[in-house]
Amino acid sequence: MESKRIISYCKAINEALYQEMERDERVFVYGLDVADKKRTFGSGLGLLERFGSKRYFSTPLSEDAMMGLGGGAAVAGLRPVNVHIRVDFLLLAMSQLMNMLAPMHYGSGGKISVPLVIRAIIGRGWGQGFQHSKALHSIFAHIPGLKVVMPTTPHDAKGLLIAAIRDNNPVLVLEHRLLYWQEGPVPEEAFETPIGLANIIRHGNDITIAATSWMNVEAYAAARIMEKRGIGVEIVDIRSIAPLDDDLIAESVNKTGHLIVADYDWTNCGLSAEIAARIYEKCMSSLKSPIARIGFAPVPCPTTWVLEDLFYPSAETLIRTIEEKLGLDKTDLSGEEIFSYENKFKGPF
Amino acid sequence: MSKLLLDLYKKIYLIREAEDEIRREYYNDEMKTPMHMSRGSEAIAGGVCHALPKGSHAYGTYRSHALYLAMTGETDKFFAEMYGKATGVARGKAGSMHLASPEHGLMVTSAVVGTTLPWALGDAFAAKYQNIDRITVVFFGDGATDEGVFWESLNAACLMKLPILFVCEDNGLAIQTSTKQRRGYDSLTNVVQNYICNVFDGKGNDAEKIYSLANTAVNLIRSEQQPSLLCLTYYRYLDHVGVNEDFVDGFRRTPEPHELLLDDPVYQLRQRLLKAGCANAIEEIEKQIREQVLASRIKAQEAPFPEKEELTNGVFYGE
């Protein structure tokens, strides 16, 4: 959907919630401190004022019970949106997610459906450390019955959230804290981005990067730099982790012959391994080099920024990988401005 | 008076007879699903469910044969589910541990301790949200009160003043570990008294008393606009899982036969009805139920298993 209006990722989330709450009285938003002064980093602004504390409220610090509340409310006819300001906190409700919400439609022989949306925010930077920074989408996507999406663009932040709210299944939406400031074109009216489809956000003929969440930003920076050397990088924004659109990745790889999976997560047993396996199955004959996987350093996320910078892969990591795969000399990056989140994010949270 | 007792007897005798049929057939190994038997707790499900207003929603545990039968009164789908048949309540995907029948108000039962407590919370929240006059009841064992989610759910229900009836089926055992071995406090109800909640203690072997207690609890939920909690103690006759007694395991004393009868809700109610001169009515009820159960069991055995395609059906809504 084309649009000329430019808004932020955060505003796009806010607008999706506002429009869906306006459209459907059954939609309510709740979670730890959603009604705090900043309203979950701004994503909930205006909702309390418009819809009242019945439909927008902070809860006791009881993630397990609050996730279950969403299940029961969904079964009894509501459309809950349960918010977690960090993915790490959502782990307290893992049993509800995996034992109750995900399998319930199947396990009830189809009698019960659970239209619950879970929003969880991935933290990064300014010392978030090992308990405020996880993404864990491959763990969530492992469980049949749960849909998992990771919007990268403001457009998809709105479209995927609306699709999630209208879906009759439990859907986990993983938002990235640093993407909250990203701006892009977003239609004013409500619309759905279909869950289960990847999206090519940049076309190119020489190499494919399949990326999740923030890694699309790094991939974009890398592609811009490589373009100057005449290398066309195609970026597939995976955006739906479960179901996973491996067809679009395969289509791109069949064209370029090279694939880097840049996953915003650890590589071990992760989505990058899943994609690599599927693409080997589908594209073995068109691959000109082994699939490369890029992810976090295999350690808990450190707090000090010096180590944190090493923990996360960057555009530079991608550029070096591209050079290696295509047999190119090292690009001189000294004059390049590679995006640094530290320029924008000043904390505290 | 005797109409009420006969209605209650019908409910709890159905549970007893259905489970007796399971015990008779169990060793043919055709019902391949872990059975957590309700024997001894029939009056709790029977009494509470009989007191529930029409349209109530119920949530339960893996030990929910009694709850399912009390809520639905039906045995065809029940037995078919035990046999894993396509005609079962969830086409064989649920088994004994996940019996549910939303069309009868039995929404969800679950085999991870405590997990349906917050669902009942959400269900009651939805009733209040939508201005629906509905009671949500949730059954759980004393083991669930060890879980954080019990306290989280109780706290939230009291905070939000939700129309929810908590029913603790307290058999004093979590598998083989007694409450004494698990609790850092003396009495659950003493603790819960400190919440903004109506709290009741009682014995779980007297269907009529439970019925009247549940009525009071439900009325108070409505008049006081706050949750109620019933803690009902009962004797678990059988092993945690399976159809046998567990006295040989040595973790609890083997009771004398007369003690067993004392705790037996079905025997006790039957004796009362006999004294009240209802022998004929009892025999008629028992005969009908025996015929119903036998017919359902045979029908279930003869029913087809799910087709192979059923494996991948229904992971997501609309598929």
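## Helix packing, domains and the chain interface

In chain B, helices α2(B) and α8(B) cross in a right-handed sense. The model is a predicted one. The two helices in question are α2 (residues 42-51) and α8 (residues 207-224) of chain B, whose axes sit 8 Å apart and make an angle of about 45°. Angles under 35 degrees count as roughly parallel and those from 65 to 115 as roughly perpendicular, so α2(B) and α8(B) are oblique to each other. On the α2(B) side, the residues that take part are B:Ala43, B:Ile44, B:Gly46, B:Gly47, B:Val48, B:His50 and B:Ala51. They meet B:Ala207, B:Ile210, B:Tyr211, B:Ala214, B:Asn215 and B:Val218 of α8(B). Sorted by class, this contact has nine nonpolar and four polar residues, with no charged ones.

As for chain B overall, its secondary structure adds up to eleven helices and eight strands. Its radius of gyration is 19 Å, and the globule rule gives 20 Å for 319 residues, so chain B is as compact as a globular protein of that length. The C-alpha trace of chain B spans about 55 × 50 × 40 Å along its principal axes.

Chain A, for its part, has 13 helices and 14 strands. A compact globule of 349 residues would have a radius of gyration near 20 Å, and the 20 Å found for chain A agrees with that. Along the principal axes, the C-alpha trace of chain A covers about 60 × 45 × 40 Å.

Chain A splits into domain 1, covering 6-185, and domain 2, covering 199-333. Taken over C-alpha atoms, the centres of these two domains of chain A are 27 Å apart. Where they touch, 24 residues of domain 1 of chain A are in contact with 18 residues of domain 2 of chain A. Several elements of chain A each bring at least two residues to the domain 1 side of this contact, namely α7 (137-141), β6 (147-149), α8 (154-166) and β7 (171-176). By class, that side of domain 1 of chain A has 14 nonpolar, eight polar and two charged residues.

Chain A also offers a helix pair to look at. Helix α9 (residues 215-227) and helix α13 (residues 315-326) of chain A have axes that come within 8 Å and cross at roughly 50°. The pair α9(A) and α13(A) is therefore oblique, and α9(A) passes α13(A) in a right-handed crossing. From α9(A) come A:Glu218, A:Ala219, A:Ala221, A:Ala222, A:Ile225 and A:Met226, which meet A:Ala315, A:Leu318, A:Ile319 and A:Ile322 in α13(A). This contact of α9(A) with α13(A) has nine nonpolar residues and one charged residue, and no polar ones.

That leaves the meeting of the two chains. Here 38 residues of chain B are in contact with 33 residues of chain A. On the chain B side, β2 (106-110), α5 (117-129) and α6 (148-160) each supply at least two residues. The largest share of that side, eleven residues, is down to α5(B). Sorted by class, the side of chain B that touches chain A has 23 nonpolar, eleven polar and four charged residues.

Notes: Residues are numbered from 1 along each chain as its sequence is written. Chains are lettered from A and ligands numbered from 1 in the order in which they are written. This is a predicted model: local features need pLDDT of at least 70, side-chain atom pairs count only at pLDDT 80 or more; totals for chains, interfaces and linings use all residues. Two residues are in contact if their C-beta atoms, placed from the backbone, lie within 7 Å. Helices (H or I, at least four residues) and strands (E, at least two) are DSSP runs, numbered from the N terminus. Ala, Val, Leu, Ile, Met, Phe, Trp, Tyr, Cys and Pro count as nonpolar, Asp, Glu, Lys and Arg as charged, and the others, Gly among them, as polar. Domain bounds come from an automatic or database domain assignment. Axes are lines fitted to C-alpha atoms, for helices over the stretch in contact, and angles run from 0 to 180 degrees between N-to-C directions. Angles under 35 degrees count as roughly parallel, over 145 as roughly antiparallel, 65 to 115 as roughly perpendicular and the rest as oblique. A crossing is left-handed if the near helix is turned anticlockwise from the far one by less than a right angle, and right-handed if clockwise. The radius of gyration is taken over C-alpha atoms; the globule rule is 2.2 Å times the number of residues to the power 0.38.
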